[in-house]
Amino acid sequence: MTNGEHSPKEWSEKGLLAEIRKLHQQGRSLAFILGAGASASSGIPTGGKLAYRWLQEWHQRECLEPNTDLQSWAREQLKNPAFITHQNARPDYQDAASHYATIFERRFAGDYASGYAALEDAMEDATPSVGYSILAKILDRSTLHRVVVTTNFDNLVADALAIHALRSPLIVGHEALAGFARPQLRRPLVAKIHRDLHLAPKNDPEGVNTLEQGWRNSLSQLFQYSTPLVLGYGGNDGSLMGFLDSLPAGHIPGRLFWCYRDTRPASDVLAIIAKHSGVIVKISGFDEFMLELVKQVLPEFKLEQLVQDIDRLAEERKEKYREAVKKNPDSWWDVKLAAQAETNLDKREAMYREGLEKFPQSAELAGSFAVFLETQRHDYDEAEDWYRKALELDPNNANNTGNFAAFLETQSHKYDEAERYYRKALELDPNDPNILANFAHLHLLRRQGDDLAQLPAMLAQVITLAKGQASQTLAEALFYGVLSQVLGQQSPAPYLARLKRVLALGYSRIFWNFTPLFDAVLPDIDPAQAQHYRALGAAILDEAALPALGALPWWQALPEADPFTLPEEDQQPSASGV
């Protein structure tokens with residue numbers, strides 16, 4: 001690679017966005033270059049985090065001297081005397097990221113299938129973040145910006161397009177198919193230069209550091225038509241960086257835009273960026289940047305469309321189910337779908353009762369009917385009867401157990417019994433964020449013993465399980481964090497900043513009621529603050545209340561923070577992507 005002496009200029013994020021708007025108006029195309037950092041908010045660990053995890057496992061297996069610490073051992077094994085494992089009491093993932101391929105090869109030597117399985121496990125529960133959802137809208141609607149080049153193995157771009165556009169991209173996940181990655185295609189293109197997860201992805205040093213000739217030919221053509229915009233990519237592989245270094249100056253139209261979050265690119269990467277008249281830009285994060293980028297290229301786009309589109313598609317599918325059920329209601333699930341789709345409450349209740357006569361052993365249908373009686377009919381006595389009936393039919397149904405716990409807490413105020421059911425529900429399904437958030441609500445409502453002390457860990461688990469997706473459950477959990485901090489005479493700012501971002505991202509509202517919580521908590525809070533929190537609670541549960549909240553000066557002055565990070569991470573360095 002070039003070891004040039006010149007460094008690229010650094011621009012502000014606003015300056016880059018203004019330039020992209022001008023390029024778009026001129027009819028110039030962007031090619032999105034994505035690395036692992038772009039997928040972090042979707043629930044996939046960055047390459048640096050994976051490499052660090054594998055380095056620890058490699059050290060545990062092969063370090064035969066018990067007193068040799070990880071850093072000393074890694075320096076010797078990786079032949080890098082400057083390798084750092086910790087910085088500011090946290091793992092420095094950037095150093096691990098730069099040795100990703102070597103660590104993977106040594107950790108999984110002799111059993112690469114195990115390595116591929118580890119990658120599959122890391123990506124199994126990933127869902128497209130807001131940034132990927134917006135990218136899907138741009139790829140689908142824009143006739144200019146339709147190319148994604150990625151070192152990632154995941155399918156987040158295709159998943160986001162399927163959710164928000166019902167449109168499949170051309171995915172080129174192997175170098176044997178690189179010839180199909182041509183400029184000016186009629187549909188979005190995703191070029192996976194390190195292969196797809198299911199096509200023996202390249203993780204070894206030779207594969208990561210070598211770009212196949214087929215890709216060189218195709219990318220050379222693509223970059224003659226499209227200006228690269230780099231997001232979440234650390235430049236730690238030799239394949240793409242070597243290719244960019246081999247391109248003659250002036251090959252890329254305009255300049256190369258390289259965005260980074262926390263760690264500036266290394267000196268050899270800066271030299272390559274400078275060679276192509278590129279600039280580096282510090283951004284707050286992939287999701288946050290995409291929220292601003294879409295305004296430049298799709299000015300008519302509104303963020304709430306993401307939720308509206310999902311709701312619209314769901315309604316269309318419900319209608320199909322409804323028609324099918326009317327013709328042949330042959331299972332409790334069909335009855336439940338049909339009842340939930342019915343807007344007339346009397347007809348919905350009749351459908352439930354007829355269904356329960358036909359499927360009297362269905363714990364799921366009985367539990368669904370109990371929820372209906374509680375939330376829609378407010379018939380709490382019969383609702384409790386049906387909750388108990390559902391649990392008689394299936395004592396190990398986590399959803400019914402958690403719903404009954406919430407009922408006992410909010411309607412019957414039987415806190416100790418509610419706690420027993422919450423704990424059982426979490427034994428049955430420890431990764432249900434809704435059960436966790438409701439259990440946190442009980443702790444805040446009751447405030448006995450160490451209830452408040454247990455809240456941070458519970459709320460941290462809800463944030464972790466959110467996996468980059470805004471939801472009412474996440475908003476409620478952050479709100480509980482706000483109130484618990486205020487009650488504990490601590491600053492609620494970390495939770496408030498995260499909650500502000502969640503409300504900006506938007507989500508579908510579901511039934512919940514803060515009245516019992518407000519009655520129990522707000523009398524112990526300064527009256528002026530209490531009014532603020534009433535307005536905030538209303539906006540969490542009702543989208544129509546957002547404008548009133550947005551008009552309040554204290555809310556306007558509040559900064560935003562990434563809601564998918566933990567409050568204690570605010571002052572900590574973040575990992576960079578491979």
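Which side chains meet in a salt bridge at 2.9 Å, N to O? In this predicted model, the side chains of Asp451 and Arg446 form that contact, and both Asp451 and Arg446 are buried. Arg446 has a relative accessible area of 12%, and this residue counts as buried because the value falls under 20%. The side chain of Arg446 also meets that of Asp416 in a salt bridge, with an N to O distance of 3.7 Å. This second pair links distant parts of the chain, since Asp416 belongs to helix H20 (residues 415-428) and Arg446 to helix H21 (residues 433-446), with the two positions 30 residues apart in the numbering.

Across the model, the count of salt bridges comes to 18. A network of such contacts links Asp346, Glu349, Arg353, Arg377 and Glu382. Another salt bridge joins Asp262 to Arg261, where the closest N and O atoms are 3.7 Å apart. Asp262 has a relative accessibility of 35% and therefore counts as partly exposed, and Arg261, also at 35%, is likewise classed as partly exposed.

The description now turns to the paired strands. In strand E2 (residues 29-34), six of the six residues are buried. Side chains in a regular strand alternate between the two faces of the sheet. In E2 both faces are covered, with Ser29, Ala31 and Ile33 buried on one side and Leu30, Phe32 and Leu34 buried on the other. E2 pairs in the parallel sense with strand E8 (residues 226-231), and six bridges connect these two strands. E2 also pairs in the parallel sense with strand E5 (147-150), in this case over four bridges. Ala31 takes part in both pairings, for this residue stands opposite Pro228 in E8 and has Val147 as its bridge partner in E5.

E8 is in turn joined by two bridges to strand E9, with the strands running parallel, and Leu229 has Phe257 of E9 as its bridge partner. Between E8 and E9 the chain passes through helix H11 (residues 238-246), making a right-handed β-α-β crossover. From E9 (residues 257-260), Phe257 and Cys259 point one way while Trp258 and Tyr260 point the other way, and all of these residues are buried. Four bridges join E9 to strand E10 (residues 279-282), again with the two strands parallel, and Cys259 stands opposite Val281 in E10. A right-handed β-α-β unit is also made by E9, helix H12 (residues 267-275) and E10.

Enclosed space was examined as well. A search of the whole structure finds four cavities of 30 Å³ or more, and the second largest of them holds about 70 Å³ of space. The lining of this second largest cavity is made by 13 residues, among which Thr150, Asp154, Leu156, Val157 and Val190 lie nearest its centre. At least two lining residues are supplied by each of E5, helix H8 (156-164) and strand E7 (189-192), and H8 gives the most, with three residues. By residue class, the lining of the second largest cavity divides into eight nonpolar, three polar and two charged residues. E5 thus appears in two settings, as a parallel partner of E2 and as a contributor to the lining of the second largest cavity.

Terms used
Residues are numbered from 1 along each chain as its sequence is written. This is a predicted model: local features need pLDDT of at least 70, side-chain atom pairs count only at pLDDT 80 or more; totals for chains, interfaces and linings use all residues. Side-chain values use heavy atoms; hydrogens and water are left out. On a 1 Å grid over the protein atoms alone, a cavity is a set of points where a 1.4 Å probe fits but cannot get out, and a pocket is an open set with protein on both sides within 12 Å along at least five of seven lines; lining residues have an atom within 4 Å of a point. Grid points are joined across faces, edges and corners, and a volume is the space filled by probe spheres set on the points. Ala, Val, Leu, Ile, Met, Phe, Trp, Tyr, Cys and Pro count as nonpolar, Asp, Glu, Lys and Arg as charged, and the others, Gly among them, as polar. Buried means under 20% relative accessible area, exposed over 50%, partly exposed in between (1.4 Å probe, protein chains only). Two strands pair if DSSP finds at least two bridges between them. A crossover is right-handed if, with the strands pointing away from the viewer, the path from the first strand over the helix to the second runs clockwise. A salt bridge is a side-chain nitrogen of Lys or Arg within 4 Å of a carboxyl oxygen of Asp or Glu.
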